[in-house]
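Please take a moment to look over the chain as a whole before turning to single residues. The paragraphs below begin with overall values and then move to particular places.

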Amino acid sequence: MDSKEFRRRGTEMVEYICNYLETLEQRRVTPCVEPGYLKHQLPDEAPEEPEPWEKIMQDVEDKIMPGVTHWQHPRFHAYFPSGNSFPSILGDMLSDGIGCIGFSWAASPACTELETIVLDWLGKAIGLPDSFLALKPGSRGGGVIQILQFGPSAALMQYNIPNFASYFQTSASECVLVTMLAARAQAIKYLKQQHPFVEEGHLLSKLMAYCSKEAHSCVEKAAMISFVKLRILEPDEKCCLRADTLIKAMEEDEQQGLIPFFVSTTLGTTGSCAFDDLAEIGEALQRFPSVWLHVDAAYAGNAFICPELKYLLKGIQYADSFNTNPNKWLLTNFDCSTLWVRDRIRLTSALVVDPLYLQHGYTDSAIDYRHWGVPLSRRFRSLKLWFVLRSYGISGLQAYIRHHIELAKRFEALVLKDSRFEVCNEVRLGLVCFRLKGTDRINEKLLSSINASGKLHMVPASVNDTYVIRFCAVAQNAKVEDIDYAWDVITDFASEILEKEQADEVSEIVDRRKTHTLAQKRSFFVRMVSDPKIYNPAINKAQTPHRMSTELTSPGHDGTVVKVQSPKTPGSATWISWPLAFLFASADDGTKNDVTLRFRHLDTMMRLSASRRNSATGGSSPSPEAENGITLLKSPKKSPILMRKRGSSPNPPPTAVGANNGSAK
């Protein structure tokens, strides 16, 4: 591609980008693909021969775009904003066109000096103390656009971290890492002076860093890479780290022989945009002068350019370092993470490596940014930030941030109006954490259903160990209509899920009742055979247990009837259960026992008559079959009926009462 074709293709690319951003709303916000989708669409090897540009761009649209999550989409409300604007894109284009590598002042003076100036501009706009600015007379501080890209490390392999680059890219993460490395070097140097004969490895094992549970996970990763201990502290109910919690932990560790050396605080946490009490913590740390205090304000720090929000920066005078990400909320495209330090010598002394081929004649009077971070190579990133600051001005950026905050407040108001929902954080900037009132499970179901639809994209967080949904205004040109649309989608899905949950709950209650009823029936049947009062109140009313004969008969060896006498204790049971006693016994006075029995489980009723033992005709056979035999009959409804055999009695058989389907009285 020569310059002539580049002009043509460059114009086409600008047009493609403009069309993409203008028609973004027509695309699905998240892709509907599965892992590995692209390898089935592209060749296994690079082409041997050049391919036409038209085919490349067609594959971009047909194969790449279906797998893109559109962070600039008006329906994208996950994470924090991914800054983007046309001035920023043009600045990156120019940086790529120049193609310099500004690792030192001599390597590209403009690259170094513009970065210093732009970082002072932004630091002043945010409200940082003069000690953080490089060009203030007498200042030892300064700012840098951090970068971090490097490969495998043997030291990391034991932690199963094969590649730094997969964990630390150009963002706030390396700001935390670099400041922790600087604090570690400072602590080791101080301890070495006190204990000159102790090995550095032993001193390193004593170092302890601190952060809140709400701090970004990059603090934990930085501690792993730095080979230091990290104590994660519990915040208060507002997810705010307080000084008393921190100081108590540090004093406990000192009693255990450990050495506090680094504290990372957060202004605007990732989970809920909570703010640690920086002023309180900074003042308390004056008792520990050797401890490095870092402030991570990756998202919220950009908002401090608004005068009405500078109160959130209270206590910054105690900090040793501060970072924010213009690539989040200052319309600057990724990557652009800025870091300021109060004393640049403390930072660079931990990272200086100065081989002869990198030295130059202005080392003492110029800044070499290769000493401010891990990598040597540096892009001309300050160009795009410079373009944005000049194109929008501080007032334009303030208006942009205020608009996003207004949109978040509108969404908060919509949530508060609906009694089914609740807001779970203090909405100060552009993030709202909300949830359906109820279980975590129903909120998980709500979020997964919304994201699966492709109509919106949000992510969850844990606030006070509760599952919440994060909603953030992120699109550059987000409108009120986008917020209202998002709320309509959320409430529609919520109504559908709640209706289904209610139906499932009713079904569960019915199933529970069925199970309970069946258990009751089984229990009733077991109790029924031991106490007839349960199923026949007439027995209880007639005092039947008292009148029941306790004299039973059985055939003897000589054919005579043997009487078995049991104690006649009123109301006491014989060795035969009461229902069976009814069947095998008669009244003591020889009268006919005319009590009607009903077996509910068999839908059967029967009437007991006097036994042959008390009949006028007498009996010829003492056999059990003749004396106590039971005949199983069927009622007109095919219900079994238990009848005593009448033998040779002239009386007709008793009539079944099974036709009565009512309850036994």
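About how much area does the chain expose, and what share of it do carbon and sulfur atoms supply? In this predicted model, the chain exposes about 33,600 Å², and carbon and sulfur atoms supply 55% of that area. The chain has 665 residues, and buried residues make up 46% of them. Its secondary structure comes to 19 helices and 17 strands. When contacts between residues at least 6 apart in sequence are considered, 69% of them join residues at least 24 apart.

The surface offers two patches to look at. One is a patch of negative charge, in which Asp44, Glu45, Glu48 and Glu49 gather. Of these residues, Glu45 can be placed in the loop between helix H1 (3-22) and helix H2 (53-64), and Glu45 counts as exposed because its relative accessible area is 67%, where exposed means over 50%. The other patch is nonpolar and is formed on the surface by Val14, Leu90 and Met93, which together have about 260 Å² of accessible area. Met93 belongs to helix H3, and with a relative accessible area of 43% Met93 is partly exposed.

Salt bridges come next. Side chains of opposite charge can pair when their charged atoms come close. A search of the whole structure finds 31 salt bridges, and one of the pairs is made by the side chains of Arg379 and Asp96, with a distance of 3.2 Å from N to O. Arg379 lies in the loop between helix H12 (344-348) and helix H13 (382-417), while Asp96 lies in helix H3 (residues 86-98), so this pair ties together parts that are 283 residues apart in sequence. Arg379 is partly exposed at 28% relative accessibility, whereas Asp96, with a relative accessible area of 52%, is exposed.

A salt bridge within one helix is found between Glu412 and Lys409, whose closest N and O atoms are 3.7 Å apart. Both of these residues lie in helix H13, where three residues, or about one turn of the helix, separate Glu412 from Lys409. Is Glu412 buried or exposed? Glu412 counts as buried because its relative accessibility is 16%, and buried means under 20%. Lys409, by contrast, is partly exposed, with a relative accessible area of 37%.

Strands also take part in such pairing, as Glu422 forms a salt bridge with Arg435 in which the closest N and O atoms are 3.5 Å apart. This pair links distant parts of the chain, with Glu422 in strand E8 (residues 421-423) and Arg435 in strand E9 (residues 431-436), 13 residues apart. Glu422 is partly exposed, having a relative accessible area of 29%, while Arg435 counts as buried at 5% relative accessibility. Elsewhere, salt bridges link several residues into a network, made up of Glu5, Arg8, Arg9, Glu12 and Glu54.

Helix H6 is a useful place to continue. Which residues does Lys192 touch, leaving aside those up to four places away in sequence? Lys192, which is found in helix H6, touches Val198, Glu199, Glu200 and Leu203 under that condition. For one of these partners, Leu203, the C-alpha atom is separated from that of Lys192 by 8.1 Å, and the two residues are 11 residues apart along the chain. Lys192 is partly exposed, with a relative accessible area of 27%.

Glu174 also has its place in helix H6 (residues 172-194), and Glu174 is buried because its relative accessible area is 0%. The C-alpha atoms of Glu174 and Gly373 are separated by 8.2 Å, although these residues are 199 residues apart along the chain.

A last stop is Thr269, in the loop between strand E4 (259-266) and helix H10 (278-284). Thr269 is buried, with a relative accessible area of 1%, and, when residues up to four places away in sequence are not counted, Thr269 touches Phe80, Glu214 and Ala274. Thr269 and Glu45 both lie in loops between named elements, yet Thr269 is buried and Glu45 is exposed.

Terms used
Residues numbered from 1 in each chain as written. Predicted model: local features only at pLDDT ≥ 70, side-chain atom pairs only at ≥ 80, totals over all residues. Heavy atoms only, no water. Patch = residues over 30% accessible without salt bridge, like charges linked within 9 Å, V, L, I, M, F, W, Y side chains within 5 Å. Areas by Shrake-Rupley, 256 points an atom, 1.4 Å probe, with all protein chains shown as cover. Salt bridge = Lys/Arg side-chain N within 4 Å of Asp/Glu carboxyl O. Lys, Arg positive; Asp, Glu negative; His and termini not counted. Charge placed at Lys NZ, Arg CZ, Asp CG, Glu CD. Helix = DSSP H or I, 4+ residues; strand = E, 2+ residues; numbered from the N terminus. Buried < 20%, exposed > 50% of the residue type's maximum accessible area, 1.4 Å probe, protein only. Contact = heavy atoms within 4.5 Å.
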